[in-house]
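Got your viewer open? Load the model, pick a cartoon view, and keep the selection box handy for a short walk through it.

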Amino acid sequence: MIGYIRIKPNSPYYYAVVKWKDVDKKWHRKEISTKIPVKGNNKRRAEKYCDELKRKYEEKYECCKYTPVRDMLYSEYISYWLDNHKYNIRKSTYEGYRRNIERHIVPYFDKLGITVEEIEPHHIKKLYSTLMDKGLSANTVKHCHANIRKSLADLVFEGILPFNAADRVKLPKIEKYHASYYTAEQLKEVLRIAKGTNIETAIILAIYYGLRRSEICGLKWNAVDFNHKTIEIKSTAVRVTTVIREDNTKSNSSHRTLALIPEVEQHLKELQAKQVDDKAFYGDTYIDTDYVLRWDNGDPFLPDYISNQFSKLLENNSMPHIRFHDLRHSFASALLVEGVSMKAVQELLGHSDFSTTANIYSHVTDEAKTQALNKISNTLKL
């Protein structure tokens, strides 16, 4: 017996789906509205409701507790597959998978109405074309492809399918992203105009350390060691459908310990002292968390707030528009211009692969190569 939750287009509630095959190998399917809203942190409640519904039908059909998946609709199977993997991946990764599956994959295969055994490469290829025609990026298609391929790989491994149909589909070409970045002088100006704003701390951490937004929002005071002059990047906070706070980083290499720069140390000490005063002022109503970025009442900042306020800050001060994430690129570019090795920059950024750093910042190394050739040209000039 199979049980999972799903979201219907234009419905505000989660739906619980239970599917089983009787002794005559006839499929039965029950879909019930949980009346639990999709908005808010209600997914666990909906899953619990579905588990209880599944137990109810298992008791009624004792002989049908296990059902093979070969005859399931693929639109149902991929949701079932994801729920079986949710404890093996990070919460933020799971939510990203779920969003792609529910928004793009399930609606398409729902209309096709094909089973797991009937899925062919041309079905998948048509999905990718449909998504591109809607104006979605090749990167979004790539993420959908990863979900479909992994779900089918399990079926091939189990001997249910003879081959993985997704392996026989070519992905659309992903255009290389060229990041925007500020010069050192522009970074100084950003620090100046950010002085005293709500996002000053976020901007300081992005400019001086090249931290990701998720790392900044996830930074806790227990990661700041004033005695040993270090700051440890070990937790994150991201928004997918809801804000997800995790006590781990994007990858093992993202977990890193950095030296506490004097300017940053002074700022953080002043911020910590202010938060002690805030806690005393709000008393019992204070939201006692350990996050560095938080409101006067202790409530942690939302990731989107930082990006939105950063855009407004640039606009109000007539500065060229860049994304908040581009401060990270600016940090890395500034280091490379100053002659810091690519390997050192990789470790500071927390990239797991050297090639990732080299590919993103090839524009800086190209400029350095040009300058080097100009220098040798001037040196050898007769």
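What share of the 382 residues in the protein chain is buried? Buried residues make up 43% of them, where buried means under 20% relative accessible area, exposed means over 50% and partly exposed is in between (1.4 Å probe, protein chains only).

Before you click, some ground rules. This is a predicted model, so local features need pLDDT of at least 70 and side-chain atom pairs count only at pLDDT 80 or more, while totals for chains, interfaces and linings use all residues. Residues are numbered from 1 along each chain as its sequence is written, and side-chain values use heavy atoms, with hydrogens and water left out.

**Stop 1: the whole chain**

Colour by pLDDT, the predictor's confidence in each residue, from 0 to 100. The protein chain has a mean of 85, and 86% of its residues reach 70 or more. Now switch to secondary structure: there are 14 helices and eight strands. Helices (H or I, at least four residues) and strands (E, at least two) are DSSP runs, numbered from the N terminus. Which element has the lowest mean pLDDT, and which the highest? Helix α14 (residues 362-380) is the lowest at 59, and helix α7 (residues 200-209) is the highest at 96.

Contacts are heavy atoms within 4.5 Å. Of the contacts in the protein chain with a separation of 6 or more, 61% are between residues 24 or more positions apart.

**Stop 2: helix α1**

Select residues 43-60. That's helix α1, with 18 residues. From first C-alpha to last it reaches 26 Å, close to the 26 Å expected at 1.5 Å a residue; the expected span is 1.5 Å times one less than the number of residues.

Next, show the side chains of K43, A46, E47, C50, L53, Y57 and E58, which are buried in α1. Look down the axis of α1: the buried residues fall within an arc of 140°, so they line one face of the helix. That arc is taken from the directions from the helix axis to the C-beta atoms. Then pick R44, K48, K56 and E59, exposed residues on the face of α1 turned away from its buried side.

While you're here, click C50. Why does C50 count as buried? Because its relative accessibility is 3%. Jump to C144 as well, which is buried with a relative accessible area of 0%. How many disulfides does the structure hold? Zero, taking a disulfide as a pair of cysteine sulfur atoms within 2.5 Å.

**Stop 3: H145**

One step along from that cysteine, select H145, in helix α5 (residues 138-157). H145 counts as buried at 11% relative accessibility. Leaving aside neighbours within four places in sequence, H145 is in contact with Y128, A166, V169 and L171, so show those four too.

**Stop 4: a three-stranded sheet**

Now for an open sheet of three strands, in the order β4-β5-β8, with antiparallel pairing. β4 (224-225) and β8 (256-259) stand at the edges with a single partner strand each, so one side of each is left without a neighbour in the sheet. Strands pair if DSSP finds at least two bridges between them.

Start with β4 and β5, which pair over two bridges; V224 stands opposite I231 in β5. Their hairpin has four residues between the strands, and K229 takes a positive phi near 60° there.

Move on to β5 (residues 230-233) and β8, which pair over four bridges. Trace the partners across: T230 with A259, I231 with L258, and E232 with T257.

Which side chains of β5 are buried? I231 and I233, which point to one face, while T230 and E232 point to the other and are not buried. β8 alternates too: R256 and L258 point to one face and are buried, whereas T257 and A259 point to the other and are not.

**Last stop: F354**

Finish at F354 in helix α13 (residues 354-360). F354 is partly exposed, with a relative accessible area of 38%. Not counting residues up to four places away in sequence, F354 touches M342, K343 and Q346. Draw a distance from F354 to K343, C-alpha to C-alpha: the two are eleven residues apart in sequence and 6.8 Å apart in space.
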